[in-house]
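Reader: I have this chain open next to me and would like to go through it piece by piece. Could you start with whatever I need to know about how the elements are named?

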Amino acid sequence: MDNSKYRSKHYRLWIPVAAGFLCALLAVACTGPFEDRTLERQLYVFGTIVTLSYYDIDESRANEATAEIDRLFQQMHQDWHAWQKGALTNLNQAIAEGRAAPVPASLIPLIEISKAACLKSDGLFNPAIGKLVALWGFHASEMPVGPLPAPEAIQALVEAHPSMADIEIREGVLTSRNRAVQMDLGGVAKGYAVEQALTRLRTLGIRNAIVNAGGGLGVIGSHGGRPWRIGIRHPLGRGVLGSLAVFDGEQVHTSGNYERFREFEGRRYAHILDPRTGWPAEEIVSATVIHTEGALADAFTKPLVIGGTREWYRIAKSLGLKSAMLVDSSGTVHMDPAMARRVQFEGTPPKVILSEPLALD
Ligand code: ADP
Ligand code: MG
């Protein structure tokens, strides 16, 4: 839909800059009678376009709220950056040198959540593998090119067993008993950020909104008394896969191997790594999780991508997930019945393999 007349100049500025980035989750899919009461604003942060959609508020409140979220996100982006110098890289340097280091208060909750998610997923979500992510060339804004890392180098990092369990924060001071740990929170930070943004918007009195950070979004309230509906981009580049109803307080995150990957000799090596082997997960092109905690929605897409078509259901159950959907490299959709009830496919429906329920309804 065209909301250009509602966009302030400042936010529109960013669109051409980021036009090359794909977003897994599209903006509000629902048009029609509610269209004219929806306002959209856009920011550029976390290397992507973040879209805020508001329903039924006036322009000045939307602008104020957006400016507040912009400040919040820019600060987070700086503190959490995995390779540009900031609070996180300082911590990683201290870990590599075997020193204890004070943790900025703003980072503690995210590190603690990441640690819990790492333990709960038996290390399949493991943000301590930053050295591996860097070795594969993903600590750069550009996509990596050229030959793959040496298998011995990958193996050495796997055998060093970096884990969030090696990290301890006591009275604001972090120590790691393993120098191979390098935190890369790129697999959870956006989810946590969206969650924080929803809390901030609620504090500002916003009652109906979506914060969409590309791979992840969260919603407050509804869209004119109906649930917000969001579009899901087809991970194999076939336009829009479908749309999904999302309810107050829920977050939806999609991780895939179609946005960031290394291409070498006709094969793609994606940015989600299996910490057990040090190699990129194959087979699954995208995993989508709905969760009321944004950080977990984001984090828990990784174990599903790694688990693949055979293991995803068992893993999702052990993580306590209620709804999940995966698309494999042949385009087949794997999902649970609760997810199936929310999804509306667009165009020719894909082949669907329905699992047993994940949770009792
Ligand atoms: P984005 O939301 O930015 O598109 P994703 O949510 O798909 O990114 O997460 C991918 C990122 O997660 C990688 O770029 C890397 O930084 C990190 N990562 C890769 N493999 C793992 C893993 N097994 N556990 C935790 N984080 C991972
Ligand atoms: Mg993500």
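Author: Helices and strands here are DSSP runs, of at least four residues for a helix and at least two for a strand, and they are numbered from the N terminus. With that in place, His161 can be located in the loop between helix H7 (151-159) and S5. Please keep in mind that this is a predicted model.

Reader: What is the phi of His161, and is the residue buried or exposed?

Author: The phi of His161 is near 50°, a positive value in a residue other than glycine. Most residues other than glycine have a negative phi. As for its surroundings, His161 has a relative accessible area of 58%, and because the cut-off for exposed is over 50%, His161 counts as exposed.

Reader: Where does Glu265 sit, and what is its phi?

Author: Glu265 is found in the loop between strand S12 (261-264) and strand S13 (267-270), and its phi, near 45°, is again positive in a residue other than glycine. With a relative accessible area of 70%, Glu265 is exposed.

Reader: Back to S5, then. Which residues of S5 are on the covered face and which on the uncovered one?

Author: Strand S5 covers residues 167-170, with Ile167 and Ile169 on the covered face and Glu168 and Arg170 on the uncovered one. S5 runs antiparallel to strand S6 (residues 173-176), to which 4 bridges join it, and within that pairing Arg170 stands opposite Val173. The two strands form a hairpin with 2 residues between them, and in the turn Glu171 has a positive phi of about 45°.

Reader: How many residues of S10 are buried, and which strands pair with it?

Author: S10 (residues 240-246) is mostly covered, with 6 of its 7 residues buried. Strand S9 (residues 228-233) is joined to S10 by 6 bridges in an antiparallel arrangement, with Trp228 opposite Val246. S10 also pairs with strand S19 (residues 343-345), in the antiparallel sense and over 3 bridges, and there Ser243 stands opposite Gln344.

Reader: How many residues lie between the strands in the hairpin of S9 and S10?

Author: There are 6 residues between those strands, and Gly237 in that hairpin takes a positive phi near 70°.

Reader: Switching to the ligand: which residues come nearest to ligand 1?

Author: Of the 18 residues around ligand 1, the nearest are Asn126, Asp184, Ser255, Leu273 and Lys302. By class, that shell has 9 nonpolar, 5 polar and 4 charged residues.

Reader: And which polar atoms of the protein lie within a few ångströms of ligand 1?

Author: Starting with the backbone, a polar atom of Asn126 is 2.8 Å from a nitrogen atom of ligand 1, and a backbone N or O atom of Gly187 lies 3.4 Å from an oxygen atom of the ligand. From a side chain, a polar atom of His271 is 3.0 Å from an oxygen atom of ligand 1. Taken alone, ligand 1 exposes 580 Å², and the protein buries 90% of that.

Reader: Now the long-range side. Which residues does Glu195 contact, leaving aside its neighbours in sequence?

Author: Beyond neighbours within four places in sequence, Glu195 is in contact with Gln251, Glu293, Gly294 and Ala295. Glu195 belongs to helix H8 (residues 189-203), and its C-alpha atom is 6.9 Å from that of Glu293, although the two are 98 residues apart along the chain.

Reader: Why does Glu195 count as buried?

Author: Its relative accessibility is 19%, and because buried means under 20%, Glu195 falls into that class. Pro337, in helix H11 (residues 337-342), also counts as buried at 19% relative accessibility. Leaving aside neighbours within four places, Pro337 is in contact with Leu354, Ser355, Glu356 and Pro357, and the C-alpha atoms of Pro337 and Glu356, 19 residues apart along the chain, are separated by 7.1 Å.

Reader: How many helices and strands does the chain have, and how much of it is buried?

Author: The chain comes to 11 helices and 20 strands, and 55% of its 361 residues count as buried. Among contacts with a separation of 6 or more, 64% are between residues 24 or more positions apart. The accessible surface comes to about 15,900 Å², of which 52% belongs to carbon and sulfur atoms.

Note on methods: Residues are numbered from 1 along each chain as its sequence is written. Chains are lettered from A and ligands numbered from 1 in the order in which they are written. This is a predicted model: local features need pLDDT of at least 70, side-chain atom pairs count only at pLDDT 80 or more; totals for chains, interfaces and linings use all residues. Side-chain values use heavy atoms; hydrogens and water are left out. A residue is near a molecule or strand if one of its heavy atoms lies within 4 Å of it. A polar contact is a pair of N or O atoms within 3.5 Å; within protein, one must be able to donate a hydrogen and the other to accept it, and residues adjacent in sequence count only if both atoms are side-chain atoms. Accessible areas come from the Shrake-Rupley method with a 1.4 Å probe; for residues, only the protein chains shown count as cover. Ala, Val, Leu, Ile, Met, Phe, Trp, Tyr, Cys and Pro count as nonpolar, Asp, Glu, Lys and Arg as charged, and the others, Gly among them, as polar. Buried means under 20% relative accessible area, exposed over 50%, partly exposed in between (1.4 Å probe, protein chains only). Contact means heavy atoms within 4.5 Å. Two strands pair if DSSP finds at least two bridges between them.
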